[in-house]
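Subject: Structure for you to look at

Dear colleague,

I am handing over the structure below, and I would ask you to open it beside this message while you read. My notes on what was found in it follow directly after.

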Amino acid sequence: MSAQDAVTAAREARVRAVVAGFPEAERAAIIALRRTLHAAPELSWQEQGTQATLRAALHAAGIDDVREIAGTGLVATIPGTRPGAPVIALRGDIDALPISEETGLPFASQRAGVMHACGHDMHAAWAVAAGMALLRAPAAGTVRLILQPAEEVGEGATKVLESGALDGVHAIFGAHVDWRFCVGEVVATAGPLAASTDTFAITFAGRGGHGARPQDTRDPVVGLGAFLMAVQTIVSRRLDPALPGVVSVGMVQAGHAPNVIPESARCSGTIRATVPATRALLCEELTRLAHAVADTHGLSATVTLSEGTPPLVNTPQGAAWAQSAARGLLGERALTSLATTNMGGEDFAFYTERMDGCFMRVGTWREGRSAAGVHTPRFDPDEDALFVAGALLAECARTASA
Ligand code: NI
């Protein structure tokens, strides 16, 4: 057996043990729950059916303290063993994406154009699995299972916070499926794990006129063109090369006729950063450049910045608890790291801004499985990850409240 084969065999043995830690009836219930959710995906803020399915699954598991939060979300409370011990939250998001499924699975989406292509069906089901594990072997502290709507639109976490469901919570844990890692592998690193996701819209206003007489106009198209090039210098010239950041223009609009210089021209795009200082710099520089370019071309610029999710930054203490839980459950070699910083967004970031916590990536790939990534029509994660993540989240709660 090669060294690599030995590592794989050891990992598989750990995964088998973790899966076997769930009684057969619980395993069957969790798989059935995940497939029911998968077959009936619902978009952000439309998760009424998902909410009802999850409420029924929690009751069936013996978790009776279940409350509605954030419209289509739920919080389920599992008592701890020691009065006064820290309260811990475990979060699973529940919404789906506007994608048409092409997996051909027997439990594939029954809803045209909607699919659980980001694995939130897995996240919801493994949160319930964590609840089952905690009923059998409770944490010292009370655990709140947060089944959160509307992650894909970056709005659900804010509503959960507004609901008060996280008041008094000491630490929060959550995880995302990741097809780039094997079942049994976990990323639980301190520091940035996902980027902020702000958007901008800029209108350059000038003076329109006949295309044959530019001298009588203030041409916003040329100003916009200059801005599109100038904006490329923000990341290349203003940002520390050692820090990740993105400014991308995704939409450009101007004019209605080839021989008419329009009154205005618009563009919009996205700004990504992994630390607050980069986020602030990119927003400031974008605004400064828009006004400077407008000035140069005799135009006026209106800049609208819309705040999205902040950067997701795992706290050192949150990551230490998660790593300790992963090591104990899956062995030292289970812990791995992202090769490069993820510039996608994740609204779990709103939670770790306010309390200790760790958002993990949980491997869902296995030898011979499709390597289709999330947000694709063929995404098909291995279901053993349900039990790995369920057991891991439960162990995080025990570790952090001990
Ligand atoms: Ni997702």
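Please keep in mind that this is a predicted model.

A good place to begin is helix α6, which covers residues 220–230 and lies across β8, β10 and β12 (264–273), running at about 15° to β12. On the sheet you will also find helix α8 (residues 276–296), which touches β8, β10, β12 and β13, and whose direction makes about 160° with that of β13.

The sheet itself is an open one of 4 strands, which follow the order β10-β12-β8-β13 with antiparallel pairing. Its edges are formed by β10 (245–254) and β13 (300–306), each of which pairs on one side only, and neighbouring strands are turned against each other by 20° on average, if direction is ignored. In general, the strands of a sheet pair through backbone hydrogen bonds. Between β8 (residues 196–205) and β13, which run antiparallel, there are 7 bridges, and if you would like to locate a bridge pair yourself, look for I202 and its partner V303 in β13.

Turning to the whole chain, the domain assignment gives domain 1 (3–195 + 311–401) and domain 2 (198–306), with 39 Å between their centres, taken over C-alpha atoms. Where they meet, 9 residues of domain 1 are in contact with 9 residues of domain 2, and the two domains bury about 620 Å² between them, 72% of it on carbon and sulfur atoms. Between the two domains the count of salt bridges is 0, while 1 residue pair is found in polar contact across the interface.

With best wishes

Conventions
Residues are numbered from 1 along each chain as its sequence is written. This is a predicted model: local features need pLDDT of at least 70, side-chain atom pairs count only at pLDDT 80 or more; totals for chains, interfaces and linings use all residues. Side-chain values use heavy atoms; hydrogens and water are left out. Two strands pair if DSSP finds at least two bridges between them. Helices (H or I, at least four residues) and strands (E, at least two) are DSSP runs, numbered from the N terminus. Axes are lines fitted to C-alpha atoms, for helices over the stretch in contact, and angles run from 0 to 180 degrees between N-to-C directions. Contact means heavy atoms within 4.5 Å. Domain bounds come from an automatic or database domain assignment. Buried area is the accessible area (1.4 Å probe) that two parts lose on being put together, summed over both. A salt bridge is a side-chain nitrogen of Lys or Arg within 4 Å of a carboxyl oxygen of Asp or Glu. A polar contact is a pair of N or O atoms within 3.5 Å; within protein, one must be able to donate a hydrogen and the other to accept it, and residues adjacent in sequence count only if both atoms are side-chain atoms.
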